[in-house]
Every structure is written in structure tokens, then in C-alpha cells.
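Subject: The structure for you to look at

Hi,

Here is the structure I said I would pass on. Have a look at it first, and then read on for what turned up.

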Amino acid sequence: GFLIAFAVKLPIFPLHTWLPDAHTDAPTAVSVMLAGVLLKMGGYGLLRINAGLFPQELLEFASLLAILAVVNILYGAFIVMRQTDLKRLVAYSSVSHMGFVVLGLASVNGSSSTLSGVGLNGAAMQLFSHGIITGLLFVVVGLVYDRAHTRYIPDLGGLVKQMPLIAIGFLIAGLASLGLPTTSGFVAELLIFLGTFQVYGFLTAVGAFGVVLAAGYILWTIQRTMFGPRMVRWDGLTDAKLVDVAAMVVLIVPIFV
């Protein structure tokens, strides 16, 4: 019962369908809170209650969790590539990245390993890391929408000319999301892979392919929205104000620190 409840909250496939609609319809501030705090309650519950109160049951279901985690990672990543709305794109990327948390949780099946705690530490780190990275992504998307009044990716392009500060924030958030070394995203995913590979080598290798897909869709999205030829229709757009920069900096600092 707890597993199903937290699977909805996290979310785990196939109980994820509420998330993209919730993000798409929510204002920016709510999306930031939803991605940064509320989704993490599902992961926290799995670590604190399922792993803490029901360790034997978790061991029995660990292989199922590992399979669901890989499905989450790959399904979310493939669906992201079909999105044309910036918010839905970030929402489905959250589904994919939450799969890494579940994969780290499944590493408890190798409790006799010398790396037994690494996967769980990675899962906890991923909860924090994803919260600030996705929060930053939603802040940037909100700033773009506030100025351009559209999130439709094919209508955007060349925005770096008009809003360089927002473009920098988008680039940092994107690189952290795909797990670039020196960012918290890299540390979290590396710990998860180190812990889980000892137990589920093949599934971890397949799940790691999600990092490759993340690099693809993140860089493709940034290229389509921020770079490319300058579009005359966006010449009147303004860059981030001081309060906007402050919001981005508050989230950028912990990504590196």
C-alpha cells in the first residue's frame, strides 16, 4: 500500500499520468514547488518508510523496482523527445529522472556488498539534486513564457540574442540535468550506478543509457529555443531582471556547491 501511494507521488510508471497535466496547467511558482518539494515526498517516503519499516519486503520487491526504474528512465526520456511544450518536456524529464531514485532504492538487494549504502545515498542525493535542477528549469521556462507568451518550441529560437542571462540559466540547468561532471546531477547518478551495478549489472547498464538520451533531448531543446538564427518577432523581448537573476542564482549555487 505504501509502495503504491509513493509510486503515484514520485511518480513511477504507469502511475505517472497526472504529472505532465499538473505541471502544464500550474503557474511557474507552483511548478517549482511541485518539482522541487512535493514529488520528493514520494522518494522520501520510499526511503524512510518502505526501506526503514519494511526492509524484508523491500528486498523481496527490489528486482521489480529495478525493472520499473529502468522503464521509468527510458519511457520518460523517449516521451520527452516528442514534446513541443517546454513545460511538458521538463515534466516528462522528471518522470525519467525519478527512475534513477527507484534504481538506487533497488540496490538494497545487494546489502552484503561493500557498496551497500552507495545506491541509497545516491537516491537521496538525486532527490535533492533533481529538486533544485528541475526547479531552475521551471523558473527559466516561466521567464521565457512571461516574455514570449508561448511555450511552443517550434515558435521559439535565437532567444540568446535577446535574453542572454536567461539562456545561461537554461544552459546550466540543462547541463546539470544531463549529469555533467562538477554538477550535483553527476554526483547523484554516479552514486546510484556504483551501488546498483553490483546487483543488477545489465539493468543498470540499460538505465545508464537514459543519461545518453537526456544529453540528446536537453541539448536539442536548448539548441531549438535559445540558439539558431535570430528571429525578428522576438526583438522586443527583455532579459531577466534583478529579482529573476536572484531566483536563478539561489538554485544555481547548490548545483555546484
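A contact here means heavy atoms within 4.5 Å. Among contacts in the chain between residues at least 6 apart in sequence, 83% join residues at least 24 apart.

Before you go further: this is a predicted model, where local features need pLDDT of at least 70 and side-chain atom pairs count only at pLDDT 80 or more, while totals for chains, interfaces and linings use all residues. Residues are numbered from 1 along each chain as its sequence is written, and side-chain values use heavy atoms, with hydrogens and water left out.

**The chain overall**

The secondary structure comes to 10 helices and 0 strands. Helices (H or I, at least four residues) and strands (E, at least two) are DSSP runs, numbered from the N terminus. Along its principal axes, the C-alpha trace spans about 60 × 30 × 30 Å. A compact globule of 257 residues would have a radius of gyration near 18 Å, and the chain agrees with its 18 Å. That radius is taken over C-alpha atoms, and the globule rule is 2.2 Å times the number of residues to the power 0.38.

How much of the chain is buried? Buried residues make up 52% of the 257, where buried means under 20% relative accessible area, exposed over 50% and partly exposed in between (1.4 Å probe, protein chains only). The chain exposes about 10,900 Å², and carbon and sulfur atoms supply 71% of that. The areas come from the Shrake-Rupley method with a 1.4 Å probe; for residues, only the protein chains shown count as cover.

**Two helices to look at**

Helix H6 (residues 118-148) has 31 residues, and at 1.5 Å a residue it should span 45 Å; its end C-alpha atoms are 43 Å apart, which agrees. The expected span is 1.5 Å times one less than the number of residues. H6 is mostly covered, with 24 of its 31 residues buried. Right after H6 comes His-149, whose phi is positive, near 60°.

Helix H10 (residues 242-256) has 15 residues that should span 21 Å, and its end C-alpha atoms are 21 Å apart, in agreement. Its buried residues are Asp-244, Met-248, Leu-251, Ile-252 and Ile-255. What do they pack against? The buried residues of H10 pack against H6, helix H7 (164-177) and H8.

**Two buried residues**

Val-90 lies in helix H5 and counts as buried at 2% relative accessibility. Leaving out residues up to four places away in sequence, Val-90 touches Thr-134, Leu-137, Phe-138 and Val-141. The C-alpha atoms of Val-90 and Pro-27 are separated by 14 Å, with their places 63 residues apart along the chain.

His-23 sits in helix H2 and is buried, at 0% relative accessibility. With the same kind of neighbours left out (up to four places away), His-23 touches Ser-31, Leu-34, Ala-35, Lys-87, Ala-91 and Phe-138.

**Rings**

A search of the whole structure finds 4 aromatic pairs. Rings of Phe, Tyr and Trp (its six-membered ring) pair if their centres lie within 6.5 Å; planes under 30 degrees apart count as stacked, over 60 as edge-to-face and the rest as tilted.

Phe-13 and Tyr-75 have ring centres 4.8 Å apart and planes at 50°, so this pair is tilted. Phe-13 lies in the loop between helix H1 (2-9) and helix H2 (18-25), and Tyr-75 in helix H4 (residues 55-80), so the pair ties together parts 62 residues apart in sequence. Phe-13 is partly exposed at 27% relative accessibility, and Tyr-75 is partly exposed with a relative accessible area of 27%.

Phe-100 and Phe-193 form an edge-to-face pair, 5.7 Å centre to centre with 75° between the planes. Phe-100 is in helix H5 (residues 86-106) and Phe-193 in helix H8 (residues 184-197), so this pair ties together parts 93 residues apart in sequence. Phe-100 is buried, at 1%, and Phe-193 counts as buried at 15%.

Phe-2, Phe-6 and Phe-54 form one aromatic cluster.

Charges sit over rings too: the charged end of Arg-151 is over the ring of Tyr-145, 5.0 Å from its centre, and Arg-224 lies over the face of Trp-220, at 3.6 Å from the ring centre. The rule is that NZ of Lys or CZ of Arg is within 6 Å of the ring centre and within 35 degrees of the ring normal.

Cheers
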